[in-house]
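Hello,

Here is the structure I said I would pass on. My notes on it follow below.

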Amino acid sequence: MSVRPRFLPRLTYRFRVLGMGLAALPLGVVLHDLDAGWLAWAWVLGTCFAWPHLAYLLAVRSRDPYAAEARNFLIDSVFAGSWVPLVHFNLLPSAVLLTVATADKVNSGVPRLWLKALPGTLLAMLAVGLATGFAVDYPSRTAVVLACLPIMVIHTLAVSANLYRLMRRVQQQNQQLEELARRDSLTGLDSRGHWQAQARRQLERSTRDGAPSMLLLIDIDHFKAINDRFGHAAGDDVLRTLAALVRSTLPAGQVAGRLGGDEFAVLLPLGQAAAEREAERLREAVQAAVFQGQPGLAFSISLGLAEAPEGGDLRDWMEAADQALYRAKHGGRNRTEGRVMD
Ligand SMILES: Nc1nc2c(ncn2[C@@H]2O[C@H](COP(=O)(O)OP(=O)(O)OP(=O)(O)O)[C@@H](O)[C@H]2O)c(=O)[nH]1
């Protein structure tokens, strides 16, 4: 499905007024040189100065402004095609105006619009060519060259500035999207994917340097019952509180993420004994947590610890921590279990 931006008419309006207005300059100079009749003048003035405003009205009043604007672009090209025989194929204005018209189609972002515009451009050239007897006067004298400069310089710079602005916006939005993908929106901790990527890197580092690294899996006890008794919003409060306690209780260097539901994972740059102490501190902090305006709401957590496996991958590490967590759950919950070496 293609994106159909509703702001397209507003965006193109300014550029159409600018482009068509500046096109009038070389067209006017050549028409003056050719001593053109009133019909040619009326056509050029109408298409250059009235059409941009009419096009805007047609687009914003349409039920589908995007489709209407795409049609307007095609009409622009018909006009550009009609101007070429009108100026007797004078080389510089013909080349500049056809190039600008084509570039505008490409810059519009509407897929293959420049290609769709080609038949209209050629037909207009043919029709007006027949009406003017295909009179040809290629050379562009200095006044015509000078009259072409504003559209070449001003229009090109204006389009470039707009493209720069759009590129910056895309870059900022990409950064925001990356940030969103990295964060769990409820707790602000790392998302599952981002946490796993960091865990893999930490495991590689730990294998390479022998630096201590422990994986702590945390699961809220009877969380379903909390949701059932206090409501889903209170359940969310519990999840946020646990995340805040993880951040404030566990030491610096932690990498904390929410794996999903009521399951959290933390990487700790500690040895087994120190990690167990920290896990217990967290467990006690959770037990002491109070919720304003929610009398009776309290919760506990079960924790499973595993040290980085030598030569193993993240799956093995998670599996070891999961087994420890399983023992904590089945040993009565509200406790920390470490990995039992075979
Ligand atoms: N409030 C809230 N609940 C969630 C969210 N994600 C998952 N849950 C709920 O978390 C509960 C997890 O329950 P279970 O996996 O059965 O585990 P439990 O009740 O904690 O039981 P044990 O882990 O065995 O102690 C389910 O009821 C889910 O609906 C969330 O973002 N917010």
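Three elements each give at least two residues to the shell around the ligand: β1 (214–220), α8 (223–230) and α9 (232–249). Helices (H or I, at least four residues) and strands (E, at least two) are DSSP runs, numbered from the N terminus. The shell holds 16 residues, of which D221, F223, K224, G235 and G261 come nearest to the ligand; a residue is near if its C-beta atom, placed from the backbone, lies within 6 Å. By class, five residues of the shell are nonpolar, five polar and six charged. Here Ala, Val, Leu, Ile, Met, Phe, Trp, Tyr, Cys and Pro count as nonpolar, Asp, Glu, Lys and Arg as charged, and the others, Gly among them, as polar.

This is a predicted model, in which local features need pLDDT of at least 70 and side-chain atom pairs count only at pLDDT 80 or more, while totals for chains, interfaces and linings use all residues. Residues are numbered from 1 along each chain as its sequence is written.

On confidence: the mean pLDDT (the predictor's confidence in each residue, from 0 to 100) of the protein is 93, and 97% of its residues reach 70 or more. Among the elements, helix α1 (residues 8–34) has the lowest mean pLDDT, 92, and strand β3 (residues 263–268) the highest, 98. The complex has an ipTM of 0.97 and a pTM of 0.70 from the predictor.

The domain assignment (automatic or from a database) gives domain 1 as 8–179 and domain 2 as 192–337. Their C-alpha centres are 62 Å apart.

The largest nonpolar core (buried Ala, Val, Leu, Ile, Met, Phe, Trp, Tyr and Cys residues joined through C-beta atoms within 7 Å) has 39 residues, and L215, L216, V266, L303, L305 and A321 touch the most other members. Two or more residues of this core come from each of α7 (192–209), β1, α9, β3, α10 (272–288), β4 (301–307) and α11 (314–330). A separate second core has 28 residues, including L31, C48, F79 and V87.

Two residues that are not glycine have a positive phi: D35, at about 55 degrees, and H222, at about 50 degrees. D35 is in the loop between α1 and α2 (38–61), and H222 in the loop between β1 and α8. D35 counts as exposed because it has 7 C-beta neighbours inside 10 Å, whereas H222, with 13 other C-beta atoms within 10 Å, is partly exposed. The cut-offs, with C-beta atoms placed from the backbone, are 20 or more others within 10 Å for buried, 12 or fewer for exposed, and in between for partly exposed.

Regards
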